[in-house]
Amino acid sequence: MQHFTHLIDLASVRLGADVLTANDEFFAPKENLIKAEPPVFIPDKYTDRGKWMDGWETRRRRTPGHDWCILKFGQPGVIRSLIVDTAFFKGNYPSQCSLDACGVPRETEPAQLSDGTVTWHRVLPPAELRGDAQNVLPVDDPRRFTHVRLNIFPDGGVARLRVLGEAIPDWTRVLADAPEIDLAAVVNGAHLVDTSDRFFGEPANMLMPYPAANMGDGWETKRRRGPGHDWSVVHLGIEGIIHRVEIATTHFKGNYPESCSLEAAVMKDDHGGVSADSSTVRAHWTTVLERTPLGADAQHVFDSVLTPGVTATHVRLNIFPDGGISRMRIIGEPTAAARHAAVVRVLNLMDEPELRGVLTNFLAAPAWIDRMVASRPFAKPADVFAATEAAADGLGREDWLEAFRHHPRIGEPKAERAQSEVASGWSAREQSAVQQGGSADVAALVEGNREYERRFGHVFIVCAPGRSARDILAELRSRLQNDPSTELKMAVAEQRKITRLRLEKVLG
C-alpha cells in the first residue's frame, strides 16, 4: 500500500511554470518541454523545417559546445529527481544531459539568466540518456531553487521535462499579511501521503490551486463492490488550526460520493511522507467533520459544523463509499511554532540571490544584507532577530541612506528605489491610516516631506502603522528642529523599528 507521492512537478505549466529562453529550437519549440499532455508521434506530419516532433529539438551542431534551455518553476522548491523523457526521439536524442539551478528574486529579468550575471549551480552532472525512454535521474541538493537550465550534449531532442521536488513556498511572502491560508494547497507545501484507491484520478489533484478542468483533473476511485470506503491522507503544508473546509465535487455528477468525513492528526514531520498504513494505526485521529452528505457537481463549505480548535499536520478525507472529489481546501491559521520553523527553514534554504531580494524587503542596506547572508544557518527565530540587530549595529551613514531610498514618502506610493511587490504592499499597509486623514493634513505632509528633504537630504523615516497624518505631521515638524547628526540617529531608530515590525509580522 505504501506509495510515496510527496514530490510534485515544480516545472508544471499548470502551476505557472514557463520556458523562458533557449539557445536553439530550430526543429521544435522549447515550450513543448513542459506541456501537461504526454508526447505524441504523428508519422506523416512535417513542417517547412523537417519532421514535426512533440518536444524541444535543436539543429545538428557543427561547432563545439552544447544546447540549453532555461525554465522558471511554477512552484519553487528543493529538487529531488529529474525525468528527461525522450519519447519518439530515437536517432536524434542527446547523448547526455546535465542540470543547473539557481534561486533569484521574482523581479529578475529573463535576460539576466543568460547574460552571465546570475550564478548557476550544477545540481546534476552529465548523465547518459536513452532514446525513446523516460530517463529518471536523482538530484541531491538541499537548496531551494526558482529556475533550472537543462543542458543537452551536444544537441538533439527532448519530449518532456519533469522536475520532481518538494514544494517550498516563500513563507516570508505567504505569512506576512494572511492570518488564514489554505493549509492543504500544494503551493503551500502540502502533499499526498497515501490513498486507498487512485484508479481513475490522482488524489494529489485535489490540492492543486487552479479549478478542475474536468473529471480527470480530480481524485476518482473505482466502483466499490464490497464493504468499506475510500480515503486519502494529506500532509499539510504547515501545521495549523482548521477553521474551514471546502470540498468540491465539480464535474462529478453520476459518480460523486454519497458523503464524506474529515479527520485530523498531529504527526512528526519527516520531510518525506509517511506511509498511510502506519499513520492509520499509530496516529490519534480527531474527527473534524462528521460524515456529511455531498451533492453532485457542487462546492461544499463547512465551518460552523466543524469541531472547533483542531490542530493538524495531516488530514484524512474519507469518502463513502467511493467516487470523485475535484478539490479540497483546508483553510486555517498556522500555529506559532510552525510559522517559526517554516520561515527559518526557507531563509536557510534560499539561494543567495533570492535571499538578498527577500532581505531587501526588511532593510535595504547592502552591508546589513551581506552580514545577514553570512549569519546563516539560523536555528530559531531568536537567531534571526539577534543577527538582525548585530548586522545593523555597525552600519555607516551611506548604508542607512541607501536603506531610506527604498521607502516612499509618507502619503505617497513610490520610493526613490524600485520596491518589490511585497515591500510596496507592506509600505502601503503601514501608511494606511495616513490616507484616512483629512485632505488638509495630507497636503501639509506632502509639503512637510519636501521641506524635510531640503534640510536633511533624505526621505523622512517614521514607523507609521496606526498613526494618523496629523500625528505624523506633528512629529515631522518637531524633528525639523534637529541638527543633521541627531536627525540621522532618529531616522535610523525608526528604520530599525520598521525592520523589527516586518520580521515580527512574518514570524508571528
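## Helix 10, a strand pair and salt bridges

Helix 10 of this predicted model turns one face away from its buried side, and that face carries the exposed residues Ser 439, Ala 440 and Arg 454. The helix covers residues 439-456, 18 residues in total. From first C-alpha to last, helix 10 reaches 26 Å, close to the 26 Å expected at 1.5 Å a residue.

Which residues of helix 10 are buried? They are Asp 441, Val 442, Leu 445, Gly 448, Asn 449, Tyr 452 and Phe 456. Seen down the axis of helix 10, the buried residues fall within an arc of 110°, so they line one face. Their cover includes helix 9 (432-435), helix 11 (469-479) and helix 12 (484-507). Gly 457 follows helix 10, and its phi is positive, near 85°.

Now a strand. In strand 19 (residues 299-302) the side chains alternate. His 300 and Phe 302 point to one face and are buried. Gln 299 and Val 301 point to the other face and are not buried. Strand 19 runs antiparallel to strand 16 (residues 230-248), and four bridges join the two. Gln 299 is the bridge partner of Ala 248.

The whole structure holds 42 salt bridges. Among them are these:

| Acidic residue | Basic residue | Closest N to O |
|---|---|---|
| Glu 31 | Lys 30 | 3.0 Å |
| Glu 402 | Arg 417 | 3.0 Å |
| Asp 471 | Arg 467 | 3.0 Å |

Glu 402 counts as buried at 15% relative accessibility, whereas Arg 417 is partly exposed at 32%. Arg 467 and Asp 471 belong to one network of salt bridges with shared partners, together with Glu 475, Arg 479 and Glu 487.

Terms used. Residues numbered from 1 in each chain as written. Predicted model: local features only at pLDDT ≥ 70, side-chain atom pairs only at ≥ 80, totals over all residues. Heavy atoms only, no water. Expected span 1.5 Å × (residues − 1). Buried < 20%, exposed > 50% of the residue type's maximum accessible area, 1.4 Å probe, protein only. Arc of directions from axis to C-beta. Contact = heavy atoms within 4.5 Å. Pairing = 2+ DSSP bridges. Salt bridge = Lys/Arg side-chain N within 4 Å of Asp/Glu carboxyl O.
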